[in-house]
Amino acid sequence: MSAQKPGASGRRARVAALRAAEVRHARARRWLVGGLIGLLVLVVIGGIAVVIATNQGSTAPSGVPAHPRTTAEGRTTPPPWDAPADVAAAVKAAGLPMLGAEGTALHLHTHLDVYADGRAVTVPALVGIDESAQKISPLHTHDTTGVVHVESPVNADFTLGQFLTEWQVSASADHLGGLRTDATHTLTAYVNGKAVSGDPAAIPLNAHDEIALVYGTAAENAAVPVPSSYNWPAGL
C-alpha cells in the first residue's frame, strides 16, 4: 500500500496544476476580451469625435458654411434686377451649395422689401432655384412676394448678404446695385420697422423678420410706408 501513495499524490498534483492552468487561461481570455471591447469603445468614441470636429469646421459636409458671408457681391446697375440666369454660379458666389431637395433641419422665412426712389422693387421668383437642373439652394425664393425661404439640411446662420449675392445685387452701407448714396440720397436698412446701421449685407435672416431696404431722397423716403411686419400666410 505504501508504494501506491506517491503515485496517487502525484496524480492529484497534476490535476491541481491542470486546473490552475485552466484558471489562468480563462482569466487571460477575459482580459483579452475586455481589452478588445475597450479598444472598440475607444475607436467608436474617436470616430464620433472626428465627425463632431468635421461638423464644427468652417464648412459642414452639407456644404453650408458655419460662418455666412456678411458682404454682398453682384450687379452694380440700377433696378430692376431679374433672377440670375446662371443660378449655380450665383449660389456658389454666395458660398452655398446646390441641393437635390430642400433641407429639413432648419426651415424659416424672412420677408424682404426693397424701395428705390420711392417705388417698390420686385424681389424676383426663383432666386437660388435652377428648375432645369432640378437643383435648389438652401436659401431661395419661390415667387415675387418677397418671402425668402431658408430650408437647410443643417442648422446654420444665414444673412442678407448671402441672399443678395445669390440675387447678384451688390450692396453695402453706401450703395445698392447702381444706387449710390450722396449728399441728397440715403440708403437705410430696417428690421421690423427699426433702422439698423452698418452694412445691410450683415443682417441675419431670422424667422418672420421683416427687412426693408430704402434708397432715395428725403422726400422720396418719407413717402415710403416702411413695414414693421409682414402678414404671413398660414403655414409659413
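Which residue follows H3, and is its phi positive or negative? The residue is Gln168, and its phi is positive, near 65°. Keep in mind that this is a predicted model.

Let me stay with helix H3, which spans residues 160–167. The helix is mostly covered, with 8 of its 8 residues buried. They run from Leu160, Gly161, Gln162 and Phe163 to Leu164, Thr165, Glu166 and Trp167. The cover over these buried residues includes helix H2 (87–93) and strands S1 (106–116), S5 (139–140), S6 (147–152), S7 (171–172) and S12 (210–216).

Two residues of H3 deserve a second look. Phe163 and Trp167 are both buried. Because they sit 4 residues apart in the helix, about one helical turn separates them. The structure holds 3 aromatic pairs. Phe163 and Trp167 make a tilted one, at 6.0 Å centre to centre with 45° between the planes. Trp81 joins Phe163 and Trp167 in one aromatic cluster.

Another pair is Tyr230 with Trp232, which is edge-to-face: 4.9 Å centre to centre, 80° between the planes. How do these two count, as buried or partly exposed? Tyr230 has 24% relative accessibility, so it counts as partly exposed. Trp232 has 16%, so it counts as buried. The cut-off for buried is under 20%.

Next, strand S12. This strand is mostly covered too, with 7 of its 7 residues buried. Glu210, Ala212, Val214 and Gly216 point one way, while Ile211, Leu213 and Tyr215 point the other way. S12 runs parallel to S1, and 6 bridges join the two. With strand S10 (residues 186–191), S12 pairs in the antiparallel sense, over 6 bridges. Ala212 appears in both pairings: Asp113 is its bridge partner, and Tyr190 stands opposite it.

Now the cores. In soluble globular proteins, nonpolar side chains tend to be buried together. Here the largest nonpolar core has 37 residues, and Leu112, Phe158 and Trp167 touch the most other members. H2, S1, S6, H3, S10 and S12 each supply at least two residues of this core. S1 gives the most, with 5 residues.

What does Leu112 touch, leaving out residues up to four places away in sequence? Its contacts are Val123, Gly146, Val148, Leu160, Phe163, Trp167, Ile211 and Leu213. A second, separate core has 5 residues, including Tyr115, Tyr190, Ala212 and Val214.

To put the strand and the cores together: Ala212 and Val214 point one way from S12 and belong to the second core. Ile211 and Leu213 point the other way, and both touch Leu112.

Conventions:
Residues are numbered from 1 along each chain as its sequence is written. This is a predicted model: local features need pLDDT of at least 70, side-chain atom pairs count only at pLDDT 80 or more; totals for chains, interfaces and linings use all residues. Side-chain values use heavy atoms; hydrogens and water are left out. Buried means under 20% relative accessible area, exposed over 50%, partly exposed in between (1.4 Å probe, protein chains only). Contact means heavy atoms within 4.5 Å. Two strands pair if DSSP finds at least two bridges between them. A nonpolar core is a set of buried Ala, Val, Leu, Ile, Met, Phe, Trp, Tyr and Cys residues joined through side-chain atoms within 4.5 Å. Rings of Phe, Tyr and Trp (its six-membered ring) pair if their centres lie within 6.5 Å; planes under 30 degrees apart count as stacked, over 60 as edge-to-face and the rest as tilted.
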